[in-house]
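Please examine the structure shown below. The paragraphs that follow lead through its parts in turn.

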Amino acid sequence: MYIIPQDSTGGVVPGASITVSNVETGISRTLSTDGQGRYRAPNLRVGLYEVQGSLAGFQTAVRSGIELTVGRNAVVNFTLQVGQVAERVEVTGEAPLVETTNATISGIATEETLRSLPLSGRSFTDVMLLQTGTHNARVDESSITGGDAFDGGAKISISGARPGMNAYLLDGTDIKDSRTAAPGGIGGRQLGVDAIREFRLLTNSYSAEDGKSAGGVLTVVTKSGTNTLHGTAFEFLRNDRLDAVRWESNARGSGDKPPFKRNQFGGTVGGPIIQDKTFFFGAVEVLRDRLAESTVIDVPTARAKTGCLPEFGIEGNDEVCISVHPRTQTWLNFYPDPNGPTLDFGDGTGEHNFAGSQKTNQEYFMARVDHSFSQSHSIFARYTFDNSERLAPPTPL
């Protein structure tokens with residue numbers, strides 16, 4: 001944050017006392033302007049701030065309603081009027097939103113944005129696709145979820161770069177997976193939307209602190225506790241009763257809907273441990289997904305499994321029956337009988353329809369503690385746990 005106090009004539013005010021206060025936590029920092037009447041307050045947490053300026057012989061000026069987002073340098077200008085220090089002039093209003101301190105091209109997703117958007121599966125990486133210069137780089141369905149735990153994240157191309165060239169930072173730490181792709185579980189989702197304060201996606205013209213990546217840079221900031229105890233609880237439900245019948249099922253005449261159940265539930269809690277000094281925040285989210293996919297396979301008919309097959313080329317398409325070895329018969333009996341619209345194609349095979357249930361489980365947990373030692377020193381500790389597994393349905397063969 002840049003602070004530039006001036007007197008009523010527009011001249012700079014050196015030696016003014018500046019107090020920058022976080023409205024949510026009550027933590028403040030006191031500064032003094034230099035000989036040019038300026039001071040810079042670096043390394044402030046994201047959140048709402050109030051700036052107060054005072055100097056002997058001038059009224060105290062206060063600017064409130066200033067919101068700091070990820071990577072933003074807010075320029076706060078206010079005027080000190082001649083008068084008593086006890087007199088206060090308070091201005092409520094945001095600092096200019098036009099970024100004048102750097103040429104970085106980026107997009108911000110705030111807490112309100114993440115809460116209000118209907119995210120399927122509640123994966124916050126999906127919001128990246130709303131930013132300029134991003135593209136979903138999937139080639140087929142397996143390229144989104146990866147098909148295994150080592151390649152589960154979404155593949156997003158930013159500014160034309162390959163998906164593996166992006167950087168993903170959580171509170172300043174690298175969270176890319178082992179294949180340099182976006183973080184994500186076996187289902188391709190990165191849970192924890194309710195644990196995120198906001199994120200910023202840089203798509204071009206990075207500063208020196210955001211090097212190493214030729215694509216984009218996603219910076220995520222987690223929530224922390226405040227002086228007010230607060231919490232949330234949620235559950236999202238989807239099942240087959242809310243879905244329409246697929247076109248393929250109608251085309252086959254079955255009109256069946258494969259069973260589908262998805263439950264996502266969890267909550268958050270945060271508040272003070274020591275007022276204006278130490279805070280805690282925790283979040284938990286659980287996914288239970290049961291998806292049944294309708295599949296059609298060709299299987300031998302009951303007659304074919306006994307060794308009787310149609311003989312083509314003979315008038316009437318007579319059958320030719322042969323004896324089947326008992327060991328071979330054992331393997332043939334593993335095949336289910338046809339149950340689809342076409343029970344016999346005329347070549348000894350028919351359609352068999354089945355719906356196998358694919359089970360996906362994912363658990364997410366995050367805990368964070370913030371502590372302020374003084375105006376110059378603070379620390380936070382965060383623990384994040386994310387575990388997922390998927391059980392694919394076997395084919396009935």
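The model shown here is predicted. A good place to begin is an open sheet of 5 strands, which has the order β16-β17-β18-β21-β22 and antiparallel pairing. The edges of this sheet are formed by β16 and β22 (residues 378–391), each of which has a single partner strand, so one side of each is left without a neighbour in the sheet. On average, and with direction ignored, neighbouring strands of the sheet are turned by 10 degrees against each other. One pairing within the sheet can be followed in detail: β21 (residues 349–372) and β22 pair in the antiparallel sense over 14 bridges. Across this pairing, His371 stands opposite Ile379 in β22.

Two strands of the same sheet, β17 (260–274) and β18 (278–300), are linked by a loop in which Asp276 is placed. Although Asp276 is not a glycine, its phi is positive, at about 65 degrees. Asp276 is partly exposed, because its relative accessible area is 40%, and the partly exposed class lies between the limits of 20% and 50%.

A second loop, the one between β15 and β16 (230–239), contains Thr226. Is Thr226 buried or exposed? Its relative accessibility is 15%, and Thr226 therefore counts as buried, since the limit for a buried residue is under 20%. When neighbours within four places in sequence are left aside, the contacts of Thr226 are Glu24, Thr25, Gly271, Pro272 and Phe279.

The view now widens to the whole chain. The secondary structure of the protein chain comes to 5 helices and 22 strands. The protein chain has 397 residues, of which 40% count as buried. Among its contacts with a separation of 6 or more, 67% are between residues 24 or more positions apart. The accessible surface of the protein chain is about 21100 Å², and carbon and sulfur atoms account for 54% of this surface.

The next topic is the interior. The largest nonpolar core has 18 residues, and those that touch the most other members are Leu114, Phe124, Val127, Met128, Phe199, Leu218 and Val220. Two or more residues of this core come from each of β11 (156–158), β12 (167–170), β14 (196–204) and β15 (217–222). Which of the elements gives the most to this core? It is β14, with 3 residues. Apart from residues up to four places away in sequence, Met128 touches Thr134, Ile156, Ile158, Tyr168, Phe199, Leu201 and Leu218. A second, separate core has 16 residues, including Val13, Val51, Phe58 and Leu68.

Leu201, one of the residues touched by Met128, lies in strand β14. With a relative accessible area of 0%, Leu201 is buried. Leu201 and Ile108 are 93 residues apart in sequence, yet their C-alpha atoms are 6.5 Å apart in space. The loop between β11 and β12 holds Ser159. The phi of Ser159 is near 55 degrees, a positive value in a residue other than glycine. Ser159 is partly exposed, with a relative accessible area of 42%.

Another pair of strands illustrates a hairpin. Strands β5 (residues 47–54) and β6 pair in the antiparallel sense over 6 bridges, and Gly53 stands opposite Ala61 in β6. The hairpin of β5 and β6 has 5 residues between the two strands, and Gly57 in the turn has a positive phi of about 90 degrees. Strand β6 (residues 60–68) is mostly covered, as 7 of its 9 residues are buried.

The last topic is a covalent link. A disulfide is a covalent bond between the sulfur atoms of two cysteines. How many disulfides does a search of the whole structure find? The search finds 1, and this disulfide joins Cys308 to Cys321, with a distance of 2.1 Å from S to S. The angle about the S-S bond is 115 degrees, and the link of Cys308 and Cys321 is right-handed. Cys308 lies in strand β19 (residues 308–310) and Cys321 in strand β20 (residues 319–321), so the pair ties together parts that are 13 residues apart in sequence. Cys308 counts as buried, at 9% relative accessibility, whereas Cys321 counts as partly exposed, at 46%.

Key: Residues are numbered from 1 along each chain as its sequence is written. This is a predicted model: local features need pLDDT of at least 70, side-chain atom pairs count only at pLDDT 80 or more; totals for chains, interfaces and linings use all residues. Side-chain values use heavy atoms; hydrogens and water are left out. A disulfide is a pair of cysteine sulfur atoms within 2.5 Å. Helices (H or I, at least four residues) and strands (E, at least two) are DSSP runs, numbered from the N terminus. Buried means under 20% relative accessible area, exposed over 50%, partly exposed in between (1.4 Å probe, protein chains only). A nonpolar core is a set of buried Ala, Val, Leu, Ile, Met, Phe, Trp, Tyr and Cys residues joined through side-chain atoms within 4.5 Å. Contact means heavy atoms within 4.5 Å. Two strands pair if DSSP finds at least two bridges between them. Axes are lines fitted to C-alpha atoms, for helices over the stretch in contact, and angles run from 0 to 180 degrees between N-to-C directions. Accessible areas come from the Shrake-Rupley method with a 1.4 Å probe; for residues, only the protein chains shown count as cover.
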